[in-house]
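Student: I've got a model open and I keep tripping over the labels people put on its parts. Can we go through them one by one?

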Amino acid sequence: NINLNYSHFLSTNPPRNYLQSLLYLFWISLIASLLIFLFLLFLYLTMHTFDWVLVEYIFLYTTLVSSTKDLITLGLTWLVLLVSIFLKCGVAPIYFWKPDFFQGLPLGTLLFYITFVYFNFLLFLTHFTTLYLGELFYYYVFLFWFIILFSVLTLLLIITESYYLKIFLAISSILNSVFIFLLLTTSHTSSGVFIL
C-alpha cells in the first residue's frame with residue numbers, strides 16, 4: 001500500500017481547497033479593512049485631521065496639554081490599528097487563519113504570495129508606521145512590546161505543529177514577521193529618514 005511515486009508529494013491541491021483559501025483571505029482582509037476604517041474614524045475624532053504630516057505634531061501637542069483620558073483614548077485607537085495590522089499580516093497572537101490559508105494554496109501561488117504580496121505589504125507597513133506615525137508608535141512602544149512578547153510566547157506553543165511543508169512555511173512567516181515587528185521597536189526616525 002506504500003506509494004513511492006514522488007509526484008504524490010508535490011501534487012496540487014483540489015480546486016475546492018484553493019477556493020476556500022482565497023475566500024478565507026477575502027474575509028480576513030475585509031475584517032482588517034473594517035478595523036482600519038474604525039481606526040481612521042477614531043483618529044479623526046481625536047485629532048480632527050487626516051493629514052499624516054500633521055498627525056505627529058498634533059499628537060505631540062496632545063501629549064503636552066491633554067489629560068490622561070485623552071492619552072488612553074489615543075492608546076486604544078493605536079491598539080485598533082495594531083490589531084488590524086496583526087490580523088492582516090497573520091502575526092501571532094492573531095495567526096489562526098494563516099496555517100489554514102497556506103495549507104490550501106498550491107506551492108507556486110504560495111511562493112508568489114510570500115515573495116511579492118506579503119513582502120511588499122510588510123515593507124509598506126514598516127515604512128508608513130515609522131515615517132508618518134513615528135511619535136505615536138514610540139510613545140506607545142510598551143503596548144507594542146507587550147503584544148510582541150505575548151506573540152513570542154504563543155509562537156513557542158505552535159512551533160511544534162509544523163509537520164507539513166506548507167504549515168512550516170506559515171509558522172516561519174509568522175515568526176519572521178514577529179522578528180520584523182520586534183526590530184521596529186528599536187528603530188529611530190530622524191528628519192523623516194527611516195533608519196534601522
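Tutor: Sure, and let's start with a sorting rule: Ala, Val, Leu, Ile, Met, Phe, Trp, Tyr, Cys and Pro count as nonpolar, Asp, Glu, Lys and Arg as charged, and the others as polar. Keep in mind that this is a predicted model.

Student: What makes the lining of the largest cavity eight nonpolar, one polar and no charged?

Tutor: Read off the residues: Trp 78, Leu 82, Ile 85, Leu 125, Thr 129, Phe 137, Phe 144, Phe 181 and Leu 184. Trp, Leu, Ile and Phe are on the nonpolar list, while Thr is on neither that list nor the charged one, so Thr 129 counts as polar. That gives the split of eight nonpolar, one polar and no charged.

Student: Why is this space called a cavity?

Tutor: Because a 1.4 Å probe fits there but cannot get out. The largest cavity holds about 50 Å³, and the count of cavities of 30 Å³ or more is one.

Student: Which helices supply at least two residues of that lining?

Tutor: Helix H3 (68–89), helix H5 (107–131) and helix H8 (165–184) each do. H3 gives the largest share, three residues.

Student: How do you know that H3 is close to its expected span?

Tutor: The expected span is 1.5 Å times one less than the number of residues. H3 has 22 residues, for which 32 Å is expected, and its first and last C-alpha are 31 Å apart, so the two values are close. Just after H3, Gly 90 has a positive phi of about 70°.

Student: Why are H3 and H5 called roughly antiparallel?

Tutor: Their axes come within 11 Å and cross at roughly 165°. Angles over 145 degrees count as roughly antiparallel, so H3 and H5 get that label. The crossing of H3 past H5 is left-handed.

Student: What makes H5 and H8 roughly parallel?

Tutor: Here the axes of H5 and H8 cross at roughly 10° and come within 12 Å. The cut-off for roughly parallel is under 35 degrees, so H5 and H8 qualify. H5 passes H8 in a right-handed crossing.

Student: And how do you know which label suits helix H1 (residues 15–47) and H3?

Tutor: Use the angle again: the axes of H1 and H3 cross at roughly 160°, coming within 9 Å. That is over 145 degrees, so H1 is roughly antiparallel to H3. The H1 and H3 crossing is left-handed.

How values were computed. Residues numbered from 1 in each chain as written. Predicted model: local features only at pLDDT ≥ 70, side-chain atom pairs only at ≥ 80, totals over all residues. Heavy atoms only, no water. 1 Å grid on protein atoms, 1.4 Å probe; cavity = no way out; pocket = protein on both sides within 12 Å on 5 of 7 lines; lining within 4 Å. Points joined across faces, edges and corners; volume = space filled by probe spheres on them. Helix = DSSP H or I, 4+ residues; strand = E, 2+ residues; numbered from the N terminus. Axes fitted to C-alpha atoms, helices over the stretch in contact; angles between N-to-C directions. Parallel < 35°, antiparallel > 145°, perpendicular 65-115°, else oblique. Left-handed = near helix turned anticlockwise from the far one by under 90°.
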